[in-house]
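User: I am new to this structure and would be grateful for a close look at a single part of it. Please describe the surroundings of one residue, and then continue to what lies around it.

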Amino acid sequence: MDKKVIAVIVLVVIAVGGYFLIKGQYPAAVQTPATEQSGTEATTQPSSATQAENTVRYTDSGFTPSTLNVKKGETVIFKNESGQGMWTASALHPTHRLYPTTGGCLGSTFDACAGIQPGNSWSFEFDVAGTWKYHNHLNPAHTGTIVVE
Ligand SMILES: [Cu+2]
């Protein structure tokens, strides 16, 4: 009888001890991925910040910002947040030949070659340094400038 009682006590001690061992490890296991997550968040933040800087919004009142400075090789995203089509294209209207890369639908490759519908966006990589004016081919009064350094 005494041996049985001792055996039960030993089993309870092992079970309780094991429970606390597992419980003690749990918060540590949860904490490790949490710190890893905050680490990756910190590294992804700068790249998303630079992307936001290279965004030109097109609203019913025109392109914002009207002048955007970028570095050579960077991509600019033109977001159509207006209620009309946005056909971003190099100056001068209607030949679109100012930006010096040929092979576009009319002149330069800096040309969306189509009306981008509201809610959509169009992007272009600027590989040539200079001051490049552009406009909305569907509403040439709306203009903007990209300065590539
Ligand atoms: Cu045009």
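Analyst: Apart from its neighbours within four places in sequence, K133 is in contact with S90, A91, L98, F110, G144 and T145 in this predicted model. One of these partners, L98, stands 35 residues from K133 in sequence, yet the two C-alpha atoms are 7.8 Å apart in space. K133 itself belongs to strand β7, which covers residues 130-136. K133 has a relative accessible area of 49% and is therefore partly exposed, since the exposed class begins over 50%.

Strand β7 also holds Y134, which takes part in the aromatic packing. Across the whole structure, a search finds 16 aromatic pairs. In one of them, the ring centres of F78 and Y134 lie 5.2 Å apart with their planes at 75 degrees, so this pair is edge-to-face. The two residues come from distant parts of the chain: F78 is in strand β4 (residues 75-80), Y134 is in strand β7, and 56 residues separate them. Both F78 and Y134 are buried.

A further pair is formed by W122 and F124, whose ring centres are 5.9 Å apart; because their planes meet at 20 degrees, this pair is stacked. W122 is buried at a relative accessible area of 14%, and F124 likewise counts as buried, at 10%. These rings are part of a wider network, for ring pairs join Y58, F63, F78, Y99, F110, W122, F124, F126, W132 and Y134 into a cluster. F110, a member of this cluster, is also among the contacts of K133.

The copper site completes this account. The copper ion is coordinated by ND1 of H93, NE2 of H96, NE2 of H135 and ND1 of H137, at 2.0 to 2.1 Å. Along the sequence, these donor residues follow the spacing H-x2-H-x38-H-x1-H. What arrangement do the four donor atoms around the copper ion form? Their angles run from 94 to 141 degrees, which makes the arrangement irregular. The reason lies in the upper end of that range, because a tetrahedral assignment requires all angles to lie between 85 and 135 degrees. For comparison, the ideal angle for four tetrahedral donors is 109.5 degrees.

Two of the donor residues can also be described by their accessibility. H93 is partly exposed, with a relative accessible area of 38%, whereas H96 is buried, at 0%.

How values were computed: Residues are numbered from 1 along each chain as its sequence is written. This is a predicted model: local features need pLDDT of at least 70, side-chain atom pairs count only at pLDDT 80 or more; totals for chains, interfaces and linings use all residues. Side-chain values use heavy atoms; hydrogens and water are left out. Helices (H or I, at least four residues) and strands (E, at least two) are DSSP runs, numbered from the N terminus. Buried means under 20% relative accessible area, exposed over 50%, partly exposed in between (1.4 Å probe, protein chains only). Contact means heavy atoms within 4.5 Å. Donors are N, O and S atoms within 2.8 Å of the metal (3.2 Å for Na, K and Ca); water is not among the atoms, so sites may look incomplete. Four donors count as tetrahedral if all angles lie between 85 and 135 degrees; four count as square planar and six as octahedral if opposite donors are over 155 degrees apart and all others between 65 and 115; anything else is irregular. Rings of Phe, Tyr and Trp (its six-membered ring) pair if their centres lie within 6.5 Å; planes under 30 degrees apart count as stacked, over 60 as edge-to-face and the rest as tilted.
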